[in-house]
Amino acid sequence: SWSGVVENAMLLMDDVTEQVRLSEEVRRVERHLVGVVESASDIVLSTDTDGRILTWNTAAEKISGYTFDEVRGHFFFEYCAEGCHEEVKKVFSSKGARKSSSMAEWGLLTKNGAVIPVSWVCSLMKDDMSQCVGIVAVGRDLTERRKFEMQLLQSQKLAALGVMAGGIAHEIRNPLAICSSAAQFLIEDDLRPEFMKECAEKIQVGIRRASGIIESLLRFARPSATTQMEQVNLVSLLTETLTLVVNQARIQKITLRSDFPDRPVLISGIAGPLQQAFMNLLLNAITAMPNGGTLSVSAEKSESEALVRVADTGHGISREEVHKIFDPFYTTSPAGKGTGLGLSICYSIVKQHFGSIEVESAEGEGSRFTVRLPIR
């Protein structure tokens, strides 16, 4: 009352059952998320907007050797390999140019001084107002994968070496057999001069063929001894290359069609090897049309690359064979007609020019090769 005497007492009660339930639910979810992070075999960590470590899961402790107490509050880049510090700072520093997510491979420094290859996926951590409050990074130890990749690469090298050795033996055995047979005849005394001359010519042809196979193999391994690039006009180069196959195409009743832009298409390259690569594509196309057909060559230019397409209406390539055509010594030509190095050399030359080569083919409908070369 006004006089200060308590006349009544009021008791206000509020049912907090739902609040308690929600609190328990929130705690349960939090415990679940913590369990997920701690049970993960990958590194999971978070930093503030300056790149200082806020969380560091059990996998991070196990892989790095550092406990959470040892790394808490330190900059994340301090635990990365020295050569990638600046890149890490760009992702984790508030002054860096961040993206919503990014992928990278940074070495992780362990407590014993070793560097472990780790693949990282970094994402922005945002609050309810969509403001960035930190970075979450998930890292996967690539040590075992690297070992597996090395073993796989080694087995592939051995397999490629086996294919190469088998191809060389197969291709060189034929001319050597001819030379051996002719030499055995020459050993005999009672030979007519005409037959001796014929045997000598066969030996010469066999040696020339074996020498050609070796030269092609060397060109495949080293496409060009010259590394000095210069400006090359693809239109002029293709036009000149087409003139070299006109007669052969006419003999086989093949129609040549070209579609080149009026203006020069300039790239940085080496004219000789490039002409060799396009010549191989043209000759393959002609070989694929023994009964005649149409050979189309076109060139076009985009902002960043030049495209050259060579298409034929020949017998095409089956789906089972199309992925093998760039392998050394793989050929679908009849025995003695090809070494199987043409497309391999072509592929190597295009790669030397930082380009790519693609093929589209259907059996019985022809093939189309697309060469992409960067404009530099």
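**Close-up 1. The start of helix α7 in this predicted model.** Here a side-chain oxygen of Asn233 comes to within 3.1 Å of the backbone nitrogen of Val235. Helix α7 itself covers residues 234-251. Its 18 residues, at 1.5 Å a residue, should span 26 Å, and the C-alpha atoms at its ends are indeed 26 Å apart.

**Close-up 2. A kink and the buried residues of α7.** Follow the helix along and you will meet a kink of about 45°, centred on Val245. Val245 is also one of the buried residues of α7. Others in that list include Leu234, Val235, Leu237, Leu238, Thr241 and Leu242, along with Ala249. As a reminder, an α-helix has 3.6 residues a turn, so residues three or four places apart point the same way. Just after α7, look for Lys253, which takes a positive phi of about 60°.

**Close-up 3. An edge-to-face pair, Phe76 and Trp120.** The structure holds 8 aromatic pairs. In the one shown here, the ring centres of Phe76 and Trp120 are 5.2 Å apart and the planes meet at 80°, so the pair is edge-to-face. Phe76 sits in the loop between α3 (68-71) and α4 (85-92), while Trp120 belongs to strand β4 (residues 115-126), so the pair ties together parts that are 44 residues apart in sequence. Phe76 is buried at 1% relative accessibility, and Trp120 is buried at 0%. Widen the view a little and you can find one aromatic cluster formed by Phe76, Phe92, Trp106 and Trp120.

**Close-up 4. Phe185 and Phe195, an aromatic pair between two helices.** This pair is edge-to-face, with 5.3 Å from centre to centre and 80° between the planes. Phe185 comes from helix α5 (residues 143-187) and Phe195 from helix α6 (residues 193-221), so the contact links parts that are 10 residues apart in sequence. Phe185 is partly exposed, with a relative accessibility of 40%. Phe195 is partly exposed too, at 23%.

**Close-up 5. A lysine over a ring.** The charged end of Lys89 sits over the ring of Phe77, 4.6 Å from the ring centre.

**Close-up 6. Cysteines without a disulfide.** If you are hunting for disulfides, the structure holds 0. Why does Cys84 form no bond with Cys80? The closest cysteine sulfur to that of Cys84 is in Cys80, 5.1 Å away, which is too far for a bond; the cut-off is 2.5 Å. Cys84 counts as buried, at 9% relative accessibility. Cys346 is buried as well, at 0%.

How values were computed. Residues numbered from 1 in each chain as written. Predicted model: local features only at pLDDT ≥ 70, side-chain atom pairs only at ≥ 80, totals over all residues. Heavy atoms only, no water. Buried < 20%, exposed > 50% of the residue type's maximum accessible area, 1.4 Å probe, protein only. Helix = DSSP H or I, 4+ residues; strand = E, 2+ residues; numbered from the N terminus. Expected span 1.5 Å × (residues − 1). Bend = angle between axes of the 7 residues up to and from the residue. Polar contact = N/O pair within 3.5 Å; in protein donor to acceptor, adjacent residues only side chain to side chain. Phe/Tyr/Trp six-rings, centres within 6.5 Å; stacked < 30°, edge-to-face > 60°. Lys NZ or Arg CZ within 6 Å of the ring centre and 35° of its normal.
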